[in-house]
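The following exercises are to be worked with the sequence and the coordinates at hand. Each task is followed by a solution in steps.

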Amino acid sequence: MTPEAAFARYEEIRAHLPVSNHKGKALPVSGIDQVMDQTDAFVFDAYGVLNVGDSPIPGAHERVQQLRDAGKALLVLTNAASFTRAQTEEKFARLGFDFAAEEIISSREVCETCLTDIAPDGTWGVMAPAGFEASELPVAAVALGNSPDTYEAADAFLLLSTSDWTGAQQSMLHDSLARNPRPLVVANPDLVAPRETGLTLEPGFYAVALRDQLGISPVFHGKPFPSVYAAAQARLGDIAPQRITMVGDTLHTDVLGAQAQGWNTALITAHGLFAGHDVTGYIERSGIVPDWIAPSI
């Protein structure tokens with residue numbers, strides 16, 4: 001999917017996204033060090049801000065250290081739901097970042113806390129990454145594969161990762177939900193994600209398709225939806241929302257979700273969704289206006 005197509009799809013589903021009343025103009029800055037005097041806590045998206053795929057973005061390590069040295073509170077708020085907490089911490093360490101465990105919040109981590117409230121005694125069919133172990137989750141679970149019987153036996157569905165997902169599996173999930181509607185929970189609402197080779201389709205893309213086709217109401221955890229921002233705000237303690245800056249690469253997830261919580265926002269343009277594109281037109285068309293625009297952090 002191209003950035004233009006991804007933007008258009010986000011606009012098509014705009015009625016289902018949080019609403020921001022933010023007004024003002026986007027101020028260009030050379031880097032987020034330029035807004036330190038207005039920020040006590042920086043909350044980073046991962047893909048397109050700190051890394052692209054398995055590669056750290058040049059200068060990201062140094063900027064994070066500069067902010068840490070200045071006494072700023074730091075968090076990573078990621079929609080990457082393929083990984084367990086331990087795997088997420090290991091990933092950032094492998095990328096060369098020194099984030100402590102309490103400085104990382106994933107949408108999957110927040111999502112897992114709701115599963116027992118939705119289907120505590122049933123079996124969850126999981127759109128799972130390679131190597132998934134059912135014991136990773138606090139509920140009974142089985143990876144969705146290529147057998148229709150697995151879909152039919154599930155009492156609820158959890159979408160974590162599209163790394164091994166196929167069109168045939170999406171069709172089986174669609175047909176099973178059409179015959180017997182059941183809860184559908186999404187731990188990564190992203191439509192796309194930036195990788196070294198381009199944009200990949202993410203769980204949110206497939207969940208939105210099912211909503212459009214079947215009229216179901218998936219439950220989303222992850223940016224731009226409020227549960228992950230509430231978790232981040234709780235982690236940051238008594239830091240006022242207007243002193244928190246979300247640093248992300250997308251308008252409809254990072255920026256919109258943070259603005260709905262009253263946070264400041266900085267849009268990074270050189271590495272993620274809008275890499276190689278003039279972001280001005282996208283801001284005008286969407287009406288989603290970040291406080292600051294920077295090529296990189």
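**Exercise 1: Two cysteines**

C114 is buried, with a relative accessible area of 12%. The model under study is a predicted one.

Task: Determine how many disulfides a search of the whole structure finds, and examine C111 and C114 in that light.

Solution.
1. The search of the whole structure returns 0 disulfides.
2. For C111, the nearest cysteine sulfur is that of C114, 4.6 Å away. A disulfide requires the two sulfur atoms to lie within 2.5 Å, and C111 is in no disulfide.
3. From the side of C114, the nearest cysteine sulfur is that of C111, and C114 is likewise in no disulfide.
4. As to accessibility, buried means under 20% relative accessible area. C111 has 1% relative accessibility and therefore counts as buried; C114, at 12%, is buried too.

**Exercise 2: The setting of R9**

Task: State where R9 is placed, and decide whether R9 is buried or exposed.

Solution.
1. R9 belongs to helix 1, which spans residues 3-12.
2. The relative accessible area of R9 is 17%, so R9 is buried.
3. The side chain of R9 makes a polar contact of 2.9 Å with the side chain of E12.
4. Once neighbours within four places in sequence are set aside, R9 is in contact with L191, V208, A209 and D212.

**Exercise 3: The buried residues of helix 1**

Task: Identify the buried residues of helix 1 and the elements against which they pack.

Solution.
1. The buried residues of helix 1 are P3, A6, F7, R9 and Y10.
2. These residues cover an arc of only 160° around the axis and therefore lie on the same side of helix 1.
3. A general rule is relevant here: an α-helix has 3.6 residues a turn, so residues three or four places apart point the same way.
4. The packing partners of the buried residues of helix 1 include strand 11 (192-195), strand 12 (198-201) and helix 8 (203-214). Helix 10 (251-260) and helix 11 (279-286) are also among them.
5. Strand 11 and strand 12 pair in the antiparallel sense over 4 bridges, and a hairpin joins them through 2 residues. R195 has G198 of strand 12 as its bridge partner.

**Exercise 4: Aromatic rings**

Task: Give the count of aromatic pairs and classify the pair formed by F97 and F99.

Solution.
1. The count comes to 7 aromatic pairs.
2. F97 and F99 are 5.6 Å apart, centre to centre, with 25° between the planes. Planes under 30 degrees apart count as stacked, and this pair is stacked.
3. Both F97 and F99 are buried.
4. Ring pairs also link F7, F274 and Y282 into a cluster.

How values were computed: Residues numbered from 1 in each chain as written. Predicted model: local features only at pLDDT ≥ 70, side-chain atom pairs only at ≥ 80, totals over all residues. Heavy atoms only, no water. Buried < 20%, exposed > 50% of the residue type's maximum accessible area, 1.4 Å probe, protein only. Polar contact = N/O pair within 3.5 Å; in protein donor to acceptor, adjacent residues only side chain to side chain. Contact = heavy atoms within 4.5 Å. Arc of directions from axis to C-beta. Pairing = 2+ DSSP bridges. Phe/Tyr/Trp six-rings, centres within 6.5 Å; stacked < 30°, edge-to-face > 60°.
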